Amino acid sequence: MSKIKLIVTEQNIGLLVATYIKQRINTFNPTFTKPFVIGFPTGSTPLDMYKYLVEFYKNGELSFKNVISFNLDEYVNLDVNHPESYHSYMRKNLFDHIDIPAENINIPNGNAADLQAACRAYDEKIKSCGGIELFLGGVGRNGHIAFNEPGSPFDSPTRVVTLNENTISANARFFNNDVNAVPKQAISMGLGTIMAAREVIIMTTGVKKADAVYQAIEGKRDIKCSITVLQEHPNAYIVSDRDAASLLSTSACMKCGVCSFM
Ligand code: GLP
């Protein structure tokens with residue numbers, strides 16, 4: 001049975017999760033002896049979350065000075081200044097607007113001369129920073145988290161992955177709907193790397209994600225659907241709108257809902 005805690009809400013998921021992140025960072029380590037290590041996703045789903053994180057920073061409610069971030073993934077062989085690189089996405093939606101020290105930002109280097117070494121170094125750096133305290137993610141229509149496509153081993157490390165057709169066609173919308181323009185490979189944090197995070201929050205919205213949410217909560221743990229790896233995570237949440245939760249039996253929601261989550 002899935003240990004994932006499900007929260008179905010009609011509230012703005014970005015605001016809900018950004019508020020939770022603010023609380024976690026602000027109460028984490030008041031003496032600043034340890035950094036707060038966070039995993040940051042890309043995609044459309046987290047855009048509101050970033051908008052509210054920036055707002056909290058600008059209002060003086062939140063500082064990122066003690067935060068170390070690790071992005072989940074990046075395309076291989078895409079210039080970091082390409083508008084659709086995840087480097088650009090993060091600068092545009094978060095890093096250019098907050099006070100995180102540049103040296104605390106980590107995004108996989110999809111242009112490294114030695115990609116395998118870059119992947120190994122990425123996992124090493126996560127470990128040397130004390131591991132990920134809070135991992136945030138979205139989910140692909142086929143259940144991928146980060147870019148862990150169906151079939152990814154549940155103990156996989158950060159590595160080079162080949163995107164499947166489903167993902168390439170879903171992401172073509174960011175490349176003028178030209179599937180040929182979408183990079184075919186990426187560096188992705190592995191499922192093993194994600195399972196090692198102390199807390200995981202996956203945000204899901206829209207009917208296109210309903211099957212992935214159903215598999216995560218009511219399906220069996222199977223490498224054919226990567227998100228199901230989280231069924232064995234001791235501290236994983238899915239925060240979902242009603243559409244993404246629409247295939248679930250009604251008993252699946254935590255019911256204690258937002259209040260206990262916050
Ligand atoms: C990409 C990213 C994933 C993300 C997924 C869903 O494939 N690599 O990390 O979760 O897209 O994105 P969206 O939120 O746009 O549906």
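Two strands count as paired if DSSP finds at least two bridges between them. In this predicted model, S7 and strand S8 (residues 185-188) clear that bar with four bridges, running in the antiparallel sense. One of the matches to look at is Val160, whose bridge partner in S8 is Ile187.

Zooming out a little, S8 sits between S4 and S7 in an open sheet of three strands, ordered S4-S8-S7 and paired antiparallel. Strand S4 (73-75) and strand S7 (159-162) are the edge strands; each has a single partner strand, so one side of each goes without a neighbour in the sheet. From one strand to the next, the twist averages 30°. A helix joins in as well: H4 packs on the sheet and touches both S7 and S8, with its direction at about 120° to that of S7.

Then there is the nonpolar interior. The largest nonpolar core holds 35 residues, and those with the most contacts inside it are Phe135, Ile145, Met189, Ile194, Ile202, Ile227 and Leu230. Quite a mix of elements gives two or more residues to this core, including strand S1 (5-8), strand S3 (67-71), helix H4 (115-128) and helix H6 (191-195). Helix H7 (210-218) is on that list too, and the largest share of the core, four residues, comes from H7.

As for Phe135, leaving aside residues up to four places away in sequence, its contacts are Gly39, Leu72, Met189, Ile194, Ala197, Glu199, Val200, Ile201 and Ile202. Apart from the largest core lies another one, made of 33 residues, with Ile13, Ala18, Phe40 and Leu134 among them.

Notes:
Residues are numbered from 1 along each chain as its sequence is written. This is a predicted model: local features need pLDDT of at least 70, side-chain atom pairs count only at pLDDT 80 or more; totals for chains, interfaces and linings use all residues. Side-chain values use heavy atoms; hydrogens and water are left out. A nonpolar core is a set of buried Ala, Val, Leu, Ile, Met, Phe, Trp, Tyr and Cys residues joined through side-chain atoms within 4.5 Å. Buried means under 20% relative accessible area, exposed over 50%, partly exposed in between (1.4 Å probe, protein chains only). Contact means heavy atoms within 4.5 Å. Axes are lines fitted to C-alpha atoms, for helices over the stretch in contact, and angles run from 0 to 180 degrees between N-to-C directions.
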